[in-house]
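Colleague: Can you walk me through this model? I'd like to start with a single side-chain detail and work outwards.

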Amino acid sequence: MSKVMPRGSRTRPLGRFLLVVGVTAGSVAAALPSAARGGDHLTVTVRGAGGGTDGRYELYCHPGAGAHPDVAGACAALDRGARWGKDAFAPVPDGSVCTMQYGGPATAYVTGTWAGRPVDARFDRGDGCEIARWDRLVPVLPDLRPEGRA
């Protein structure tokens, strides 16, 4: 004799399992850093800047997080620099005419992902063009401008 079960009773345990798996997956996704969820993540390494600004900083944007000293300001600066057809991390174009000035020994490396694109950029302050390029990314990079200039 066959056993008669109410319609749909066989799917209830599977439905509960899928509900638990779905809730657990959602909880894990919420706990992951934004880079693992597809957000913007940069690693900024600064050397030779002095004043306690040297180090390695993790920066997450959208939403903002990380060990960077100014997460909100850095993300805002990057958002301002993100324009269609412009790369905020692009090197100084070849053939540029730059002032012969030295801005100090500071260097910075920025790697990661910004706006869905890989970033692998080096910064220094070896001439006027490189200084201006660095200054455009303050506060992602430390502000090394002399007092009174902003």
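Modeller: Start with Arg133: its charged end sits over the ring of Phe123, 3.9 Å from the ring centre. Keep in mind that this is a predicted model.

Colleague: And ring against ring, how many aromatic pairs are there?

Modeller: The count of aromatic pairs comes to 0.

Colleague: OK, back to Phe123. Which residues have the most contacts inside the largest nonpolar core?

Modeller: Phe123 is one of them, along with Leu78, Phe89, Val110 and Leu141. The core holds 24 residues.

Colleague: Which elements give two or more residues to it?

Modeller: Four strands and a helix: β1 (40-47), β2 (55-61), β4 (107-114), β5 (117-124) and α2 (71-81). The largest share, 4 residues, comes from α2.

Colleague: Any general reason to expect a cluster like that?

Modeller: In soluble globular proteins, nonpolar side chains tend to be buried together.

Colleague: You listed Leu78. What is it in contact with, leaving aside neighbours within four places in sequence?

Modeller: With that exclusion, Leu78 contacts Leu42, Leu59, Phe89, Trp114, Leu137 and Val140.

Colleague: Switching to the strands. Why is β1 described as largely enclosed by the rest of the structure?

Modeller: Because 7 of its 8 residues are buried, with buried meaning under 20% relative accessible area.

Colleague: Which strands does β1 pair with, and in what sense?

Modeller: β1 pairs with β2 in the antiparallel sense, over 7 bridges. The pairing of β1 with β4 is antiparallel too, and it also runs over 7 bridges.

Colleague: Give me a residue to look at on each side. What stands opposite Val46 in β2, and what is the bridge partner of His41 in β4?

Modeller: Gly55 stands opposite Val46. For His41, the partner is Thr113.

Colleague: Zooming out, how many helices and strands in the chain?

Modeller: There are 3 helices and 5 strands. Read from the N terminus, the order is α-β-β-β-α-β-β-α.

Colleague: What share of the chain is buried?

Modeller: Buried residues account for 31% of the 150 residues.

Colleague: And what about contacts between residues far apart in sequence?

Modeller: Taking contacts between residues at least 6 apart in sequence, 49% join residues at least 24 apart.

Colleague: Last one: how much accessible surface does the chain have, and what part belongs to carbon and sulfur atoms?

Modeller: The accessible surface is about 9,900 Å², and carbon and sulfur atoms make up 59% of it.

Note on methods
Residues are numbered from 1 along each chain as its sequence is written. This is a predicted model: local features need pLDDT of at least 70, side-chain atom pairs count only at pLDDT 80 or more; totals for chains, interfaces and linings use all residues. Side-chain values use heavy atoms; hydrogens and water are left out. A nonpolar core is a set of buried Ala, Val, Leu, Ile, Met, Phe, Trp, Tyr and Cys residues joined through side-chain atoms within 4.5 Å. Buried means under 20% relative accessible area, exposed over 50%, partly exposed in between (1.4 Å probe, protein chains only). Contact means heavy atoms within 4.5 Å. Rings of Phe, Tyr and Trp (its six-membered ring) pair if their centres lie within 6.5 Å; planes under 30 degrees apart count as stacked, over 60 as edge-to-face and the rest as tilted. A charge sits over a ring if NZ of Lys or CZ of Arg is within 6 Å of the ring centre and within 35 degrees of the ring normal. Two strands pair if DSSP finds at least two bridges between them. Accessible areas come from the Shrake-Rupley method with a 1.4 Å probe; for residues, only the protein chains shown count as cover.
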